[in-house]
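I opened this model to look up its strands, a few single residues and the ligand site. My notes follow in the order in which I went through them.

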Amino acid sequence: MFENLSERLSGVFDKLTKQGALSEDDVKTALREVRVALLEADVSLPVARDFVKAVGDKATGQAVTKSVTPGQQVVKIVHDELVHVLAGDEGEIGTLKVDNAPAPILMVGLQGGGKTTTTAKLAKRLKEKQGKRVLMASLDVYRPAAMDQLKVLGEQIGVDTLPIVPGQKPADIARRAKQQATMGGYDVYMLDTAGRLSIDDALMAEVEEVKAITTPRETLLVVDGLTGQDAVHTAENFDGRIGISGVVLTRMDGDGRGGAALSMRAVTGKPIKFVGLGEKMDALEEFHPERIAGRILG
Ligand code: GDP
């Protein structure tokens, strides 16, 4: 679909005479191509601009190694910088803070982003990889089907769900989940909040209340990775209003170019902890910055 960036850059550099070091002009030409590639991968314009500038500063004056072409060298510099930005601080990716039992994990996001599925996937992972006893609770009082969905998934993966009590408000359910998790000796309890089609005040107020009641160890935003810039706006909104500790990007099994991941990280500063790779309960992986970098570069 897209022309590979490495090939495109080789084309650019073929026209230039080989020199001992990358000149400012070489780098400038290459970076124009890099910027286009980033934009095509759905990286937002300000993020692409800042990124390219940072790479330019690093690349100018670098000695060209004999074994690679200047084009390949710029691609490598870009790749390494992408990984650096996406990786963030050590220890943030693929881990959840679940000490001090029962540890609350708050799951937030828009409707259809994959929140309920991801809640169950993470519960399964905590159970199988860390031997945690997990309790899941649905706070989606608007859609009884969502509550049933979590219950069915819980049965499927062998993780308990909080019994459904009709007529309760999200705050009531959050209190009940906390109590049940404490009394029942659970290590972790996960709160699957209601989503909306778009962000509104009522949704945020509800999530804020639940957060105040439970003081979550993690507040994870689940967003559809295929929605590109919309996903980034959603993250900015949720982070600004309630504060998130990390992001789970779903539908990364689709053919999105992954640029949203870079914008997300650059704009919110929050780590992408996991990615969803399908509908099945095992289709969750920790985020691999190198893979996304490869995907962005094409
Ligand atoms: P919620 O409204 O945010 O709770 O979204 P759901 O968890 O109900 O997910 C909506 C749909 O997306 C369901 O059909 C899920 O099976 C599907 N889904 C969730 N995560 C992924 C993913 O990583 N990849 C794919 N292909 N589908 C997913």
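I began with strand S1 (residues 103-108), which is joined to S4 by 5 bridges, the two running parallel. I take helices (H or I, at least four residues) and strands (E, at least two) as DSSP runs numbered from the N terminus, and I call two strands paired if DSSP finds at least two bridges between them. Looking for a single pair of residues, I found that Met107 has Asp192 in S4 as its bridge partner.

Before going on I noted the ground rules: this is a predicted model, in which local features need pLDDT of at least 70 and side-chain atom pairs count only at pLDDT 80 or more, while totals for chains, interfaces and linings use all residues. Residues are numbered from 1 along each chain as its sequence is written, and side-chain values use heavy atoms, with hydrogens and water left out.

I then checked the confidence, where pLDDT is the predictor's confidence in each residue, from 0 to 100. The mean pLDDT of the protein is 89, with 92% of its residues reaching 70 or more, and the predictor gives the complex an ipTM of 0.99 and a pTM of 0.91.

Back at S4, I followed the other pairing: strand S2 (residues 134-138) runs parallel to S4 and is joined to it by 5 bridges, with Leu135 having Tyr189 in S4 as its bridge partner.

Is S4 enclosed or open to the outside? I count a residue as buried under 20% relative accessible area, as exposed over 50% and as partly exposed in between (1.4 Å probe, protein chains only). All 5 of the 5 residues of S4 (residues 188-192) are buried, so the strand is largely enclosed by the rest of the structure. Both of its faces are covered, with Val188, Met190 and Asp192 buried on one side and Tyr189 and Leu191 buried on the other.

I turned next to S5, which S1 joins through 4 bridges, again in parallel; here Ile105 stands opposite Glu218. S5 also pairs with strand S6 (residues 246-250) in the parallel sense over 5 bridges, and in that pairing Leu221 stands opposite Val247. Since 7 of the 7 residues of S5 (residues 218-224) are buried, I noted this strand too as largely enclosed by the rest of the structure. On one side the buried residues are Glu218, Leu220, Val222 and Asp224, and on the other they are Thr219, Leu221 and Val223.

For single residues, I looked up Ser263, which lies in helix H10 (residues 259-268) and is buried, with a relative accessible area of 0%. Leaving out residues up to four places away in sequence, I found that Ser263 touches Asp42, Val43, Ser44, Val47, Gln229, Val232 and Thr268, a contact being heavy atoms within 4.5 Å. Gln72, in helix H4 (residues 70-87), counts as partly exposed because its relative accessibility is 40%.

Last came the ligand, which is surrounded by 18 residues, the closest being Gly112, Lys115, Thr117, Arg251 and Asp253; a residue is near if one of its heavy atoms lies within 4 Å. An N or O atom in the side chain of Arg251 is 2.6 Å from an oxygen atom of the ligand, and a backbone N or O atom of Thr116 lies 2.9 Å from a ligand oxygen atom.

Terms used. A polar contact is a pair of N or O atoms within 3.5 Å; within protein, one must be able to donate a hydrogen and the other to accept it, and residues adjacent in sequence count only if both atoms are side-chain atoms.
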